[in-house]
Amino acid sequence: MNTIKAFHEQPHEAKSKLYTRAHDREWVIYTSNYDLYRTNTATWHDSLAVWLSPEKKRAGEKEIPEVYRKELLAWDLHSEKVAETLLELLSEGLGLGAEKFKDLGFLVTKLIVGHYHPYCPQPDLTVGLTPHTDSGLTVLLQNQVGGLQVKHDDEWVDVEPIPGALTINIGDTIQIMSNDKYVSVEHRVLAKASKEPRISVVAFFNLETESDTNYFGPLPELLTLDKPALYRKFTMPEFQEGFYSKGLDSKSFIQKIRL
């Protein structure tokens, strides 16, 4: 988190060479409001994103800013161990073998994003991140500034930071494949008037995104006559098309493919 903060607090000239809005073509991306031109709302944060898998999208080591290269590559290894353990537990929680979610490819695509939410003079006029759900499995590390909220029973609830703790989000693809036994969590980040910036490091783990021949849907092992599939099958390119064609939102793809 210290090195993410150090990157974002460099002079503009040092960061601008990495600035891009071509989010689907670059492997190291510095940007503000990734969905700025696809949504009606501008939010209060900057981001530095680095693709770490699959191999053909993996950023070269020298492409990663030196100010946090060593720390990012170390966190990549640690966060993947956490994700692997969680995927095993989630599989077993469905009564399936521990390798099920891993075998389906939930560790194939990996993106680490460092969000920086600076001091906001009028936090009541904006948000840090608009309400949304994630796609696969998310491992979040955050500092003590706070601002993260989850929606529970139609009310927004603060997720108070706990020193040394990780926050885990289940995303839409896991909800679909579990046939609603697991539910993706809607969350947002408030803008803050804190002089100390909010820092979060987010590791996203997901399925392979480019194959249009691999279809995913509710796992057959979970379906019975009494518990039929709640969703039709889909491909990840279909999922990605929906993600990159609009601003952040909550469960729109889930609603689209629900039977």
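**Exercise 1.** How do the residues of the lining of the second largest cavity divide into nonpolar, polar and charged?

*Solution.* The structure is a predicted model. Begin with the lining itself: the second largest cavity is bordered by Tyr-34, Asp-35, Thr-43, His-45, Leu-129, Thr-130 and Leu-248. Next, sort these residues by type. The lining holds three nonpolar residues, three polar ones and one charged one. Aspartate counts as charged, so the charged member is Asp-35. The space enclosed is about 40 Å³.

**Exercise 2.** Determine how many cavities of 30 Å³ or more the model contains, and describe the largest.

*Solution.* The count is three cavities of 30 Å³ or more. The largest cavity has a volume of about 730 Å³. Its lining consists of 35 residues. Nearest the centre of this cavity lie Tyr-34, Leu-111, Val-113, Phe-204 and Phe-243. By type, the lining comprises 17 nonpolar, 16 polar and two charged residues.

The next step is to ask which elements supply the lining. At least two residues each come from several elements, including strand E1 (28-32), strand E2 (46-53), strand E3 (109-117) and helix H6 (236-244). Strand E10 (198-206) is also one of these elements, and E10 gives the largest share, six residues.

**Exercise 3.** Which residues of E3 point one way, and which the other?

*Solution.* One set is Thr-109, Leu-111, Val-113, His-115 and His-117. The opposite set is Lys-110, Ile-112, Gly-114 and Tyr-116. Now consider burial, for which the cut-off is under 20% relative accessible area. Nine of the nine residues of E3 are buried, and this holds for the residues pointing either way. Two members of the first set, Leu-111 and Val-113, are among the residues nearest the centre of the largest cavity.

**Exercise 4.** Establish how E3 pairs with E2 and with E10.

*Solution.* Take E2 first: E2 and E3 run antiparallel and are joined by seven bridges. Within this pairing, Trp-51 has Leu-111 of E3 as its bridge partner. Then take E10: E3 pairs with E10 over nine bridges, again in the antiparallel sense. Here Gly-114 is matched with Val-201 of E10.

**Exercise 5.** What is the volume of the largest pocket?

*Solution.* The largest pocket contains about 190 Å³ of space. It is lined by 15 residues, with Phe-243, Lys-246, Asp-249, Ser-252 and Phe-253 closest to its centre. H6 and helix H7 (252-257) are the elements that contribute two or more residues to this lining. Finally, sorting the pocket lining by type gives four nonpolar, five polar and six charged residues.

Terms used:
Residues numbered from 1 in each chain as written. Predicted model: local features only at pLDDT ≥ 70, side-chain atom pairs only at ≥ 80, totals over all residues. Heavy atoms only, no water. 1 Å grid on protein atoms, 1.4 Å probe; cavity = no way out; pocket = protein on both sides within 12 Å on 5 of 7 lines; lining within 4 Å. Points joined across faces, edges and corners; volume = space filled by probe spheres on them. Helix = DSSP H or I, 4+ residues; strand = E, 2+ residues; numbered from the N terminus. Buried < 20%, exposed > 50% of the residue type's maximum accessible area, 1.4 Å probe, protein only. Pairing = 2+ DSSP bridges.
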